[in-house]
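This report is meant for someone meeting the structure for the first time. Please keep the sequence and the 3D view at hand while reading.

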Amino acid sequence: MRLHTLFLAMIALGLGNSALASYDQAPPSFTYKQDQAVFIDFDDASYDISYDFSNKKVSVNTLISFTASKAGYPIFDLVASPSEVILDGQNTYTETIKDPDQQTTLRIIQQTIAPGRHQLQLKHFITTNVVFGAAGLASGFWTSDLNDRRYLEQYLPTNLEFDQYKMYVRVNVLGAEGLPHVLKTNGNVTQIAENSFEVVFPKFYTASSVFFHLFPVKNSGNNVQFYYPSIDGRLIPVDIYTTYNTEEFVVSTKKILAELEADYGPFPHDQVIIYGNSPSGGMEYSGATATSLSALGHELFHSYHARALMPANGNAGWMDEAIARWRDNKYPFLAKLNFESTQLAGHSVWSRMTDRMAYTEGSAFLSLIAYRMNEKGLSLKLFFKDYFQTYKYTTVTTPLFQAEITRASSLDLAKDFDKYIYGKSYLKNSARHTQEDPNHPRLTKEQLLELTWP
Ligand SMILES: [Zn+2]
């Protein structure tokens, strides 16, 4: 059984068929204009972002190399409408469409392609979470998993969460001589000159991984940088910036990293970036977070479950919130559940959001499994360490998690997953929960802009 797991992990890591490693997690194709709308597999993307300070415009030139395994109209996503679209050297254009279940909006190229490798060039403007001031500009790529289309597609052309691909970003702030800007981002950054940066992101990243925050150096607030000695011998650079007290963030960060490394292994990213200005709650990125002090532990935990071991789709998003909340609650046991059912992984295959019952019912479901495993002398927490080590840097689905927890626990969980997670007995069309969670309150447009200008 271990061999089988290892083999699956090798495929997912790209040691097998690399280009199509996670493509089997893409949503299904569907009928479009007497043909098919097809999901594609990005190989890599280069983004050239120009912040024009004088004209208050942010333009982006994108070059995406992708592989299509099916013929049809290719789907990707970008919320803004691109001003120029060139597919394999030919001018074309895009439209937005709804999936067959009307769950989300996608961008579709108005030209069919054959299976194989293709190149897509796009031009568009970024207007979301950009602030121009007298002393410079600020731009933040803030994301959320609790609303539709709130990942990287708000800022750059990207794919759905299933797709892991290499990203290269060039950033230039033009017309702001003498007004130096700083770029805080969770990739490998090279500063070429004042206001000019190049970033290479790890190839396991998806549309939900990138932390990106550009702002004037003079707005850096209280900034502390130090190295955290990882249990694997690395000295991990930690960068904390906030208008609040840095010392509290530093003390908490060290304590939380020690806890997480002891429980789940070495910190799985090359850096820790903490932007401590969220009005409340926080949001997780890969080895980075924009957070309040109170949510810091929850968000750094997500650098393991959520942003190193990553959800492949909306029906997978509940797991990292359930596990994170189970940790927040200090890993409780529960002999019996006090709810009938949920639809945590029972939404449409095209849905891209996390069901907010993940925090409450989802985490209670884990407490029930923990209780049953404990009765057999097994530990769910130890399982999560193993599970994390096997699947880190890959995208996971609920059926994969179900198979792994079933194997590790030898419990018969099929009926419980059907009832409590897939919602097979759940009332059809019952509304999604809309209650805000303290760790992840949805921020208003104004709050997001406040967060952008530090
Ligand atoms: Zn969370």
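T206 is a convenient place to begin, and this residue sits in the loop between β16 and β17, the latter covering residues 212-216. The model in view is a predicted one. Although it belongs to a loop, T206 is buried, since 25 other C-beta atoms lie within 10 Å of its own. Leaving out residues up to four places away in sequence, T206 touches E161, D163, Q164, M310 and T395. The C-alpha atoms of T206 and L152 are 8.7 Å apart in space, while the two residues are 54 apart in sequence.

**The protein as a whole**

Nine helices and 24 strands make up the secondary structure of the protein. Its C-alpha atoms fill a box of roughly 65 × 60 × 40 Å along the principal axes, and its radius of gyration of 22 Å agrees with the value near 22 Å that a compact globule of 454 residues would have. Buried residues amount to 45% of the 454 residues. Among contacts with a separation of 6 or more, 71% join residues that are 24 or more positions apart.

**Core residues**

Which members of the largest nonpolar core touch the most other members? They are V210, A322 and L366, within a core of 108 residues. V210, when neighbours within four places in sequence are set aside, is in contact with F141, L152, N186, F201, Y205 and Y285.

M167, which is found in strand β13 (residues 166-174), counts as buried because it has 24 C-beta neighbours inside 10 Å. With neighbours within four places in sequence again left aside, its contacts are A45, Y47, F201 and Y205. F226, by contrast, is 59 residues from M167 in sequence and 27 Å from M167 in space, C-alpha to C-alpha.

**Strands and hairpins**

Strand β15 (residues 188-193) has six residues, and as the number of these that are buried is zero, the strand lies largely in the open. It pairs in the antiparallel sense with strand β16 (residues 196-200) over five bridges, and one of the bridge partners is S196 in β16, which faces A193. Two residues stand between the strands of this hairpin, where N195 takes a positive phi near 65°.

A second hairpin is formed by β18 and β19, with five residues between them, and G233 in its turn has a positive phi of about 95°. Strand β18 (residues 222-229) and strand β19 (residues 235-242) pair in the antiparallel sense over eight bridges, and T242 in β19 is the bridge partner of N222. On to the next strand, β19 and β20 (residues 272-275) run parallel and are joined by four bridges. The chain passes from β19 to β20 through helix α2 (residues 246-264), and this β-α-β crossover is left-handed. Between β19 and β20, I240 has I274 in β20 as its bridge partner.

**Helices**

Helix α5 (residues 361-375) has 15 residues and reaches 21 Å from its first C-alpha to its last, close to the 21 Å expected at 1.5 Å a residue. Its buried residues include L366, I369, A370 and M373, and what covers the buried residues of α5 includes α4 (317-328), α6 (380-391), α7 and α8 (414-421). Helix α7 (residues 398-409) has twelve residues that should span 16 Å at 1.5 Å a residue, and the 16 Å between its end C-alpha atoms agrees with that.

**Positive phi angles**

Most residues other than glycine have a negative phi. The table gathers several positions where phi is positive.

| Residue | Setting | Phi |
|---|---|---|
| G377 | just after α5 | about 80° |
| S410 | follows α7 | near 55° |
| N195 | hairpin of β15 and β16 | near 65° |
| G233 | turn of the β18 and β19 hairpin | about 95° |

Two further loop residues have a positive phi although neither is a glycine: K33, at about 45°, and Y331, at about 55°. Are these two buried, partly exposed or exposed? K33, found in the loop between β1 (30-32) and β2 (35-39), counts as exposed because it has 12 C-beta neighbours inside 10 Å. Y331, which lies in the loop between α4 and α5, has 16 such neighbours inside 10 Å and therefore counts as partly exposed.

Technical notes. Residues numbered from 1 in each chain as written. Predicted model: local features only at pLDDT ≥ 70, side-chain atom pairs only at ≥ 80, totals over all residues. Core = buried A, V, L, I, M, F, W, Y, C linked by C-beta atoms within 7 Å. Buried ≥ 20, exposed ≤ 12 C-beta atoms within 10 Å, placed from the backbone. Contact = placed C-beta atoms within 7 Å. Rg over C-alpha atoms; globule rule 2.2 N^0.38 Å. Pairing = 2+ DSSP bridges. Right-handed = clockwise from strand over helix to strand, strands pointing away. Expected span 1.5 Å × (residues − 1).
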